[in-house]
Amino acid sequence: MRYLPLTEADRAEMLARIGAPSVDALFADVPEAARLAGPVEGLPGHAGEMAVERHMARLAARNVSAGSVPAFLGAGAYRHHVPASVDHLIQRGEFLTAYTPYQPEIAQGTLQMLFEFQPQVARLLGCDVANASMYDGSTACWEAIAMAGRITKRNKAVLSSGLHPHYVGTVRTMARFTGDVIEQAPLAPVAEPDLAALAGQVDAQTSCVVVQYPDVLGRIGDLAALADAVHAAGALLVAVVTEPVALGAIRSPGAMGADIVVGEGQSLGVGLQFGGPYLGLFATRDKYVRQMPGRLVGETVDAAGRRGYVLTLSTREQHIRREKATSNICTNAGLCALAFSIHLTLLGEKGLRALAAENHRLACLAAGRLAQVPGVTLVNGGFFNEFTLWIDGDARAVVRDLAGKGLLAGVSLGRLYPGQPELAGGLLVAVTETACEEDIEALAAGLEEALA
Amino acid sequence: MSINPSGWRPSLAANDTVVEQTGTVTGNRALILEEPLLFELGTTQTCGVDLPEPDTAPSVRLGGLERTGAIGLPGLSEPEAVRHYTRLSRQNYAIDLGIFPLGSCTMKHNPRLNEKVARLPGFADVHPLQPEGTVQGALGVIAELGEWLLRLTNMAGVAMSPKAGAHGELCGILCIRAALEARGDAREVILVPESAHGTNPATAAFANYRVESIPCTEDGRVDLAALKARLGSDVAAVMITNPNTCGLFERDIVAIADAAHAAGAFVYCDGANFNAIVGRVRPGDLGVDAMHINLHKTFSTPHGGGGPGSGPVVLSEALAPFAPLPFVVRTAEGYRLVEEEGAADNGGTQAFGRMAAFHGQMGMFTRALAYILSHGADGLRQVADDAVLAANYVLRSLDGVLDAPFGTSGPCMHEALFSDKGFAEGVSTIDVAKALIDEGFHPMTMYFPLVVHGAMLVEPTECESKATLDQFIGALRSIAERARAGDPALAQAPVHAPRRRLDETLAARKPRLTFKDA
């Protein structure tokens, strides 16, 4: 077995030192009735690299990779070009095969990287301070609601109708067990998000209002007035960003008054990966830092007076606080945070703005072209790189039909809202820099044929 | 201090005010290179990616919310970026450099085949919301890995979506809560042994349970009599780690499970240490109702400097119907992904909800499946055998220099536990750990579990050669002897690492969590 260095001679010598007659004797504490006499039955034995690679490649070949066809899927996961150096650097063994930096003297690489990641995220989201990452956007969204509850000592969260339904599902699941109250109005496929109505739902029990920006339909609403209304009621504004590239083009939620901004960082560096692992972003105001969940890296000095970095404020965390912790989370998404940080470093401010501009240019082009297809109308007023089309027919069936023809047309609202037939005509179309004008033409032609 | 029952002493030695001179004008010491912060190196006008120049008069449909002010994001060209991150990487210890014997963390070799297959475009470049017909291979990976986990544990159901061990733990506890609610049985308490990981009580508290601690016996195991005495109609579950955090197999596990079940409670097993018993014993044969499996521990997906993890949960017959959405089912036409509550084809399950967006840590599933296929049923058993053999070898090789509090109560499993008993006055566990750094090793887990004073938990794993184990044992023996003799130099360690001991008290007292422009 190529991964196991001990030889039979080594094993015999080691048993002699231990004073045990056999390895079986080391498992003497296992109840006899439950001991297995040999390998678990009915499962294959070990296999060489070539055989395993062939098996995995066969499974991979049964998937249509998004890069092999025109692809317009978004809805919380976006296909962007990731520079080759990103994947090379995250595969350096010193990053890939290191543990959580509990011994800071020999983990300054991971610690400094995270200390750079935190302000990158905070600046992008428009906040004072960010943590070292969470599991993903949906779990970060729940953690923000829980944090708002701790700060305000209230337990009702009002969700915008434009919050991604999987995020809503995650939040509702957690709230069911914690006893928090979750309120949400139904989604209406209209041009602008109704933020004024959302402000009207706030009352004296409300801990926070949660608004996605751009929202699940790709719409962009000004959060400033909402923030004022929420604050006047003693509640917090939580903003959710599922496409951080958008913040190269539009104002940050923090700058418009959001108190906690969470996001899905997958867009930068991480890749699609069929839904995970992704990267939860989490940022807030300085004054709330001790209520923030997740790991934090801070600057300090070593015994020789040199600058260095350590995990800090761990008295919020489960390994110290046990049942009084701010969260049960004990891992972050370290390697995904590294990929995000490297990608954002390669872009820099200039590159992020150019990338965002290119996404928006292509999305405008696509929205204009697709709205000319008979039976298709554009729902959105404003959008960044994703918008909603309304089609005459069942968008979910159209998406399946076009997939059979080698075209990944987008995400239907029927897929996202299976219990709501009134949304069946909605189709989310995301257009990133990876789409070209021929792809947009192919989508227009495909929709035209499907709706004819 | 109430939060610090274990002897942890995070501050620096008080007399250490040495300012080390490197003797170089750069501060570099040959291959140990000082690296400035990104924010000190980059500029907002530098870019390492070629992109089209934005139109000067673009069409804009941003709802009037165009960004106006600067963001403040520094950029680097590609050569500068490659050098920055390569230099940072060299300040990390890693499994690729040597033994990483962190007890309870399981740092084993990460096979590169797994990295290769995870990057096949058919896995890496697939959108989670593509139509089912275009992702049959991806759904097949989830189903195939799930099947292996069920067979290796002899359980009835598996939830694949949890994103890490603690998330899986939460998923398991929520299944228990949902099952109890479904039978109209409100229970309030979860019993957790005092040697448990901190996540166990944190998870139970999150799920709105009151946590009560169960003591350990003298030989490092759950006190069965105390547990039985506390069980009653208010107890929802017993959370137990097996093998436990003292590195011992819970001999009474079947009796514990029987007693819990007789009282109407469920048994949650923290599967963090499943790597010690995989292929040797199946938790389903021990009476376990739910157990998460950290794929990064037992099945060697990379730890990546602290994540991403992946924590599938295997479930007993009684809990399986409550597993969360989404899940994969096999039909005559191929794999289906069930995402909807009350869907007609979900087999009558009562999913308690959804743990996260999308379907789980696919990138970890492909790696774990490649690891499992490489080992096969026989190799996985050998993994457990060699891991347990190596730990017992370390345990017995340190007889006479390190106190092993449970060393006489039988063999250990995959990790060997020592205490600071016998160290001279003024020498602590942390000094031993830091001295190991100077010898070129990553230290063991220190000050955990809390039930042992000055704990040192050594987990060598199955991936170390005998020569490496002998070298590590030799270094640890020598350091332990110095600790017993009270060598004052230990308090200075490490002196050869990129940094000396860091002031964690200062970091917490005056938090600097972000770069502030000068």
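The paragraphs below lead through a predicted model, beginning with chain A and moving on to the contact between the chains, the nonpolar core, and the parts of chain B.

Chain A offers a convenient starting point, for its C-alpha trace spans about 80 × 55 × 50 Å along the principal axes, and within it there are 15 helices and 13 strands. Of the 452 residues in chain A, 63% are buried. If one considers the contacts in chain A with a separation of 6 or more, 73% of them are between residues 24 or more positions apart.

From here we can turn to the place where chain A and chain B touch, a contact to which chain A gives 172 residues and chain B gives 176 residues. On the chain B side, helix 11 of chain B supplies the largest share, with 22 residues. When the residues on that side of chain B are sorted by class, 91 turn out to be nonpolar, 52 polar and 33 charged.

The next topic is the largest nonpolar core, which holds 328 residues, and in which Val209(A), Val238(A) and Cys175(B) touch the most other members. Helix 11 of chain B, residues 362-397, appears again here, since with 21 residues this helix gives the most to the core. To see what surrounds one of these well-connected members, the reader may look for Cys175(B) and set aside its neighbours within four places in sequence: Cys175(B) is then in contact with Ala290(B), Leu315(B), Leu319(B), Phe322(B), Ala323(B) and Phe352(B).

Chain B can also be read as a series of domains, namely domain 1 (20-39 + 74-83), domain 2 (114-370) and domain 3 (377-506). Between domain 2 and domain 3 of chain B, the C-alpha centres lie 30 Å apart, and 18 residues of domain 2 of chain B are in contact with 19 residues of domain 3 of chain B. The residues on the domain 2 side of this contact divide into 8 nonpolar, 7 polar and 3 charged.

Finally, chain B contains an open sheet of 3 strands, arranged in the order 10-12-11 with antiparallel pairing. Which strands lie at the edges of this sheet? They are strand 10 (416-418) and strand 11 (445-446) of chain B, each of which pairs on one side only. Strand 10 of chain B runs antiparallel to strand 12 of chain B, residues 456-458, and the two are joined by 3 bridges. Along this pairing the reader can find Leu417(B), which stands opposite Leu457(B) in strand 12 of chain B.

Technical notes:
Residues are numbered from 1 along each chain as its sequence is written. Chains are lettered from A and ligands numbered from 1 in the order in which they are written. This is a predicted model: local features need pLDDT of at least 70, side-chain atom pairs count only at pLDDT 80 or more; totals for chains, interfaces and linings use all residues. A nonpolar core is a set of buried Ala, Val, Leu, Ile, Met, Phe, Trp, Tyr and Cys residues joined through C-beta atoms within 7 Å. A residue is buried if 20 or more other C-beta atoms lie within 10 Å of its own, exposed if 12 or fewer, and partly exposed in between; C-beta atoms are placed from the backbone. Helices (H or I, at least four residues) and strands (E, at least two) are DSSP runs, numbered from the N terminus. Two residues are in contact if their C-beta atoms, placed from the backbone, lie within 7 Å. Ala, Val, Leu, Ile, Met, Phe, Trp, Tyr, Cys and Pro count as nonpolar, Asp, Glu, Lys and Arg as charged, and the others, Gly among them, as polar. Two strands pair if DSSP finds at least two bridges between them. Domain bounds come from an automatic or database domain assignment.
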